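Here's a quick briefing to read with the structure open beside you. Take it one topic at a time and follow along in the viewer.

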Amino acid sequence: MRIGIAYDLRREQESVPDRPDDLLEEYDSDATVEAIAAALHDAGHQVSHLGGGRNFIERALAASAGHEAVDLVFNIAEGRGSRSREAHVPAVCEMLGLPCTGSDPLSLALCLDKALTKRIAASLGVPTAAFCLVESAALIDSAPFPPLPAIAKLNAEGSSIGVRRNARCTTREALTERVRGLLADYRAPVLVEQFIEGVEVTVGILGAGPRARVVGSMEI
């Protein structure tokens with residue numbers, strides 16, 4: 001099988017002056033991509049480096065038209081520029097009819113937006129912590145903050161980007177200051193949630209519907 005790896009390298013992203021140093025935290029190193037390529041090669045597969053963004057589109061189209069057409073896209077690309085960024089590669093794969101690892105574009109676009117995901121979960125009867133979404137500094141004073149203590153985080157980011165030791169706030173004043181800081185530093189909406197004590201677990205799932213099965217869990 002020929003497997004194409006979709007990825008976004010940190011060194012290829014444009015750094016933004018006077019912005020937080022963790023802004024590019026989710027993007028990968030050359031070493032990570034090469035380790036994946038080596039593992040796939042050792043498993044007996046041929047590997048193509050497809051990259052991400054425009055490069056991914058151009059290389060995927062070229063591969064499909066030539067003798068190096070890929071049978072599967074191994075996707076670790078994060079995308080860039082929108083709250084739907086993680087859905088960019090899977091959406092292109094859908095259009096080109098390429099099988100792709102991971103979730104489909106709808107799932108990825110929904111789950112990166114934490115507030116929207118919480119609303120969908122709540123509509124299906126899944127308990128979720130009280131929250132509010134603050135989209136600009138002008139809305140902070142009137143924001144219906146949840147009960148304290150509360151935690152402030154970026155609404156459409158992952159890998160703990162923007163989360164610091166002062167993310168958990170026990171006073172309205174501290175929470176207001178933290179939300180204002182996130183809005184200024186990252187220029188993106190902030191989710192404020194009631195803080196819940198307890199174990200945090202990441203669970204890996206393969207399949208969907210009745211075929212879904214847990215393949216492992218990891219406590220943070």
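**Helices, sheet and a few backbone oddities**

Helices α2 and α3 run roughly parallel to each other, because an angle under 35 degrees counts as roughly parallel and their axes cross at roughly 25°. Keep in mind that this is a predicted model. Below are the helix pair, then the sheet, the cysteines and two spots in the loops.

**The α2/α3 pair**

- Two packed helices are described by the angle between their axes and the distance between the axes.
- Here α2 covers residues 53-65 and α3 covers residues 88-96, and their axes come within 11 Å.
- The crossing of α2 past α3 is right-handed.
- On the α2 side, the contact is made by F56, I57, A60 and L61, and they meet V89, V92, C93 and L96 of α3.
- Sorted by class, that contact has eight nonpolar residues, with no polar and no charged ones.

**The three-stranded sheet**

- Three strands make an open sheet in the order β2-β1-β3, and the pairing is parallel.
- At the edges sit β2 (46-51) and β3 (72-75), each of which pairs on one side only.
- From one strand to the next, the twist averages 30°.
- Strand β1 (residues 2-6) pairs with β3 over four bridges, in the parallel sense.
- If you want a residue to click on, try I5: its bridge partner in β3 is F74.
- Helix α1 (residues 30-42) lies across β1, β2 and β3, and it runs at about 155° to β2.

**Cysteines**

- How many disulfides does a search of the whole structure find? The count is zero.
- Take C111: the closest cysteine sulfur to its own is in C100, and at 15 Å that is too far for a bond, given that a disulfide needs the sulfur atoms within 2.5 Å.
- C132 has a similar story, since its sulfur is 12 Å from the closest cysteine sulfur, in C169, which is also too far for a bond.

**Two backbone spots to look at**

- Most residues other than glycine have a negative phi, and most peptide bonds are trans.
- Going from L148 to P149, the peptide bond is cis, with omega near 0°.
- You'll find P149 in the loop between β4 (131-134) and β5 (150-154).
- S159 isn't a glycine, yet it has a positive phi of about 55°.
- Look for S159 in the loop between β5 and β6 (168-169).

Methods:
Residues are numbered from 1 along each chain as its sequence is written. This is a predicted model: local features need pLDDT of at least 70, side-chain atom pairs count only at pLDDT 80 or more; totals for chains, interfaces and linings use all residues. Side-chain values use heavy atoms; hydrogens and water are left out. Two strands pair if DSSP finds at least two bridges between them. Axes are lines fitted to C-alpha atoms, for helices over the stretch in contact, and angles run from 0 to 180 degrees between N-to-C directions. Contact means heavy atoms within 4.5 Å. Angles under 35 degrees count as roughly parallel, over 145 as roughly antiparallel, 65 to 115 as roughly perpendicular and the rest as oblique. A crossing is left-handed if the near helix is turned anticlockwise from the far one by less than a right angle, and right-handed if clockwise. Ala, Val, Leu, Ile, Met, Phe, Trp, Tyr, Cys and Pro count as nonpolar, Asp, Glu, Lys and Arg as charged, and the others, Gly among them, as polar.
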